[in-house]
Amino acid sequence: MGSINNSIDFKRDGDVAVITIDNPPVNALKHEVRSGLVEALKQIGDPAIKAVVIACKGRTFSAGADISEFGKPMQAPGLGEVIKAIEASSKPVVAAVHGTAFGGGLELALACHYRVAVASARVGLPEIKLGILPGAGGTQRLPRLMGPEKGLAAILSGDPIPADQALADGIIDEIVTGDLTSAAVAFARKVVAENRPLRLVRDREEKLQAARANPKSYEDAAAKLTSRSGGRRAPAAVIESVRNSFTLPFDEGIAREQALFRELVVTDESRAQRHVFFAEREAARVPDMPSGLRSLPFDKAVVIGAGTMGGGIAMCFANAGIPVTVVETGKDALTKGLDRVADTYRTTIKRGRLTQEEMDKRMALISGSVELEAAADVPVVIEAVFEEMGLKKEVFAKLDKVAKPDTLLATNTSTLDVNEIARATARPKDVLGTHFFSPANVMRLLEIVRGKETSHHMLAGAIALGRTLGKVPVVVGVCDGFVGNRMLAKRGVEAERLLLEGALPHQVDGAVTEFGFPMGPFAMGDLAGLDVGWRIRKARGTKAEITDPLCEAGRFGQKTGKGYYIYEKGSRTPTPDPEVEAIIVAASKRLGIERHPISKEEIVERMIYPMINEGARILDEGIAYRPGDIDVIWIYGYGWPVWRGGPMFYGDTVGLPHIRDRLAIYAERSGDKSLEPAPLLARLAGEGKGFASVTAPKGAAA
Ligand SMILES: NC(=O)c1ccc[n+]([C@@H]2O[C@H](COP(=O)([O-])OP(=O)(O)OC[C@H]3O[C@@H](n4cnc5c(N)ncnc54)[C@H](O)[C@@H]3O)[C@@H](O)[C@H]2O)c1
C-alpha cells in the first residue's frame, strides 16, 4: 500500500522525491497507476525537493500498458498526461530501470530527463507484437535517442534491447551497481550538483539530422525491414510514424502517432494478436487441475533414441542447462546421433548465433548410453524411438522395470495411442505424450498428450518441464494425430484434390503463402520428404494419386533435388517442373476428372475451412479445452500467421455462417462427408455465435 494510492508510493530521501510504482506482477500501467503518478507529480513542487526518481517495486520496471484496457475507452488520465506532467517538471526526473521497461514502461522512462539502469535490465517497444504501435510517444522519442533507422528497426522487431546496448545507443544514460533506487537518487543529486541542463528527449534533434539530410536511406532501410510483412497495417504505420519524427514538429508527430494507434487497435490484425497473447498464457491451464501439487525436480533427463527427434529433444535439455543422457540400441547409432547434434550446433555457430564456448558447454551436458538402465535415476524419460507400437510398448515395459518411482515417462509419438503405450507399464498414471515438433530444438510448440489415466501430478510436471525447455505447452487429448496433425491431414486431402481438379502445386502454395504461412503444403512436403509417407502407404496397401507416382519417379523432395518442384543443386528454392504437371494431368485423366481453373479465393477457402471444421470436432470431443488452444498450436507448430489469430479465431473473423455454407458446397461437390459442417460449427453458426463463445471446458482432455 503506497502513500498516494494502492499502486503508488511517494517518499522523500532528503532532497530527492522517490515515486515508486507497485502493481505486481509487472507494474502494468493501469488506471490507478496513472492517476497515482499524476497525483505524486503534483507534490514535487515543494521547494525542498530538488530532484525526482521514478522507480518500480518487485521484479521489474513497468512492462507496459494493461492490455486488458485495450479496445475500451481509456479512463483519464492517459499515459500521455502522465508524460506531460513529468515533462513539465522544472526539477530533474530520473527513471530507475530494472527487469524490463517495455512498451508504455519505456515510454514513461523516455519522458524523464535521465534514465539509469542495472546491467541486467532490458528495454524495448514490443507493441508491434500486438499489431499496434507505441502510442505514448515511443515512435517520436526513441528515434531522437537512437536515430530514426535504428529506432525503426527496434520498433519493428519489438525485441528487447539489453542494458549495455541501450547505453551504447543513448537510450539510457548510465548503468549502475548496488541498490538501484539509492544509485538513482545519487545520480539525481549529481545532476543537481553539476547543474546539468534539463533537456527533454522531445527537444533533442541531433540524431535526426542524418535522416533529414538523406531521407532515401530511411526509406531503403524501411523497405528492407518490411519486405516480408505482406499487407499488414502495423509495420506500415510504424514506418510512417518514425518518419514523422524527423519530418514533422514533435507535437504533430505525437498527434499522428495517437491517431495511428487508435486506427490500429481496432483492426482484426491487432485483435488477433491480442487474442494470441492471452490464448498462449491460458493454453497450459488445465481446468480440473488441483492446486498445491508437488513439483518434479527436473535436474537431469534421459531421451531414448538419437534420431531426428531424440537428438533435437536432447538439445532442448542441454540448451536449458539440464544434463541429459541419450540411449540408443548400439554404439554406431549413438555416435551418429551425437555427431548430428554437434553438426547442428556448428551450423548455429556459423550463423553467428552461438559461440564455440557455449556449444562446448552444451555438448558436455549430453552423454550417451546403450543401456536402458541409464533411465534408473532420473525424474523424466522421453522416448523417441521408431513409430512402431510393438517397439514402443517393449521400451515402456522395460522402463517400468528400470525407472524409479515418480519418474515422468513420456512418449514423443505423433500418431500412436498414448493410452495403449501407458498400459504397457504398471504405472499408466505416470505416462503421457510430449509431442515435440521438428526441428525439436527450434519449434516452440509442445503438445502435451494427456492419457486416460495420466495423473495431475505428472501433467503439471510436463507443463512445467515444457516451460523450462522454453516451449509453449498445450494440453491435448488422445486421438489420431492429436490436434495439429489431425487438422493438417484435412488440409492435405484437400490439397491433393485441388491438384486433381486443376490447380498446380505453385498455385496452391502461392495462395497459402499469400495468406501468410511461410510455406505451402507442397513446398513443405518436399522439405519433409515424400518417401516416408509413400513407404507407409505401401505397407498399408493404400495409395496417393499424385505423390505415389512422384516417388516412383525418384522424386522424394529436396533430398533428391526434386519432388513437387525441382531444385537447382544446392538451392532450396522450389521451381515449378513440367514433368510434375504431366504427372498431375495424367492422374486427373486416369480418374476421369475434367481439369478447370480454380480461383485463389477458392484455394484459400479449401485450404483453411476444412481445418476449421476439424477444429470444431476436436473442440466438441474435448480433445482441446478451448478454441484458443487450437490457435496457439497452429501458430507455434505450423507457422499460422499470428496476425490472423489462428484458425478458430480466423473462423470467427470470417463468420461461421459463411464457412458453414461453403463447406456444405464443397462436401456436396466432392462427395466427401468429412467436409460437411461439423455439428458444433453448424450449431454456433445457426445461433449467430462464434467459437469465442465456447469457453466452458468439457472436462478431461483424455
Ligand atoms: N520426424 C518428425 O518430424 C517427428 C515429429 C514429431 C514426432 N515424431 C515422432 O518421434 C519419434 C522418433 O521419430 P524420428 O523422426 O526421430 O525417428 P528416427 O528414425 O530419426 O529415429 C529413431 C531412433 O530410435 C532409435 N531406436 C530404435 N529402437 C530403439 C530402442 N529400442 N532403444 C533406443 N533407441 C532406439 C533408432 O536407432 C533411431 O536412431 C517417432 O515416434 C515419431 O513419430 C517425429
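## Ligand contacts

An oxygen atom of the ligand lies 3.0 Å from a polar backbone atom of threonine 308. The model in which this contact appears is a predicted one. At methionine 309, a polar backbone atom is 2.7 Å from an oxygen atom of the ligand. Serine 414 takes part through its side chain, where an N or O atom is 2.7 Å from a ligand oxygen. On its own the ligand has 830 Å² of accessible area, and the protein covers 76% of that area.

## The shell around the ligand

The elements that contribute two or more residues to the shell around the ligand are α13 (308-319), α16 and β15. Helix α16, which spans residues 389-402, gives the largest share of the shell, 3 residues. Strand β15 covers residues 431-436.

There are 22 residues around the ligand, and those that come nearest are Met309, Glu328, Glu387, Lys392 and Ser414. By character, the shell divides into 10 nonpolar, 9 polar and 3 charged residues.

## Aromatic pairs around phenylalanine 517

The structure holds 13 aromatic pairs. One of them joins phenylalanine 517 and tryptophan 634 in an edge-to-face arrangement, with 6.4 Å from centre to centre and 90° between the planes. This pair links distant parts of the chain, 117 residues apart: phenylalanine 517 is in the loop between α20 (505-515) and α21 (521-528), whereas tryptophan 634 belongs to helix α26 (residues 627-638). Phenylalanine 517 and tryptophan 634 are both buried.

Phenylalanine 517 also forms an edge-to-face pair with tryptophan 640, at 5.4 Å centre to centre and with 80° between the planes. Tryptophan 640 lies in the loop between α26 and α27 (647-654) and phenylalanine 517 in the loop between α20 and α21, so this pair ties together parts that are 123 residues apart in sequence. Tryptophan 640, like phenylalanine 517, is buried. Ring pairs also connect a wider group into a cluster, made up of Phe437, Phe515, Phe517, Trp634, Tyr638, Trp640 and Tyr650.

## Charges over rings

The ring of phenylalanine 517 has a further partner in arginine 491, whose charged end sits over the ring at 5.3 Å from its centre. A second arrangement of this kind involves lysine 538 and tryptophan 534: the charged end of the lysine sits over the tryptophan ring, 3.9 Å from its centre.

## Cis peptide bonds

Proline 24 and proline 25 are joined by a cis peptide bond, with omega at about 5°. Proline 25 is in the loop that runs between β2 (16-21) and α1 (31-42).

Another cis peptide bond joins serine 438 and proline 439, where omega is about -5°. Proline 439 is placed in the loop between β15 (431-436) and β16 (445-450). Strand β15 is also among the elements that give two or more residues to the shell around the ligand.

## Positive phi outside glycine

Asparagine 195 is not a glycine, yet its phi is positive, at about 55°. This residue is found in the loop between α7 (180-193) and α8 (209-213). Asparagine 195 counts as exposed because its relative accessibility is 66%, and the threshold for that class is over 50%.

Aspartate 406 likewise has a positive phi, near 65°, in a residue other than glycine. Aspartate 406 lies in the loop between α16 (389-402) and β14 (408-411). With a relative accessible area of 29%, aspartate 406 is partly exposed.

Conventions. Residues numbered from 1 in each chain as written. Predicted model: local features only at pLDDT ≥ 70, side-chain atom pairs only at ≥ 80, totals over all residues. Heavy atoms only, no water. Helix = DSSP H or I, 4+ residues; strand = E, 2+ residues; numbered from the N terminus. Buried < 20%, exposed > 50% of the residue type's maximum accessible area, 1.4 Å probe, protein only. Phe/Tyr/Trp six-rings, centres within 6.5 Å; stacked < 30°, edge-to-face > 60°. Lys NZ or Arg CZ within 6 Å of the ring centre and 35° of its normal. Near = heavy atom within 4 Å. Polar contact = N/O pair within 3.5 Å; in protein donor to acceptor, adjacent residues only side chain to side chain. Areas by Shrake-Rupley, 256 points an atom, 1.4 Å probe, with all protein chains shown as cover. Nonpolar A, V, L, I, M, F, W, Y, C, P; charged D, E, K, R; others polar.
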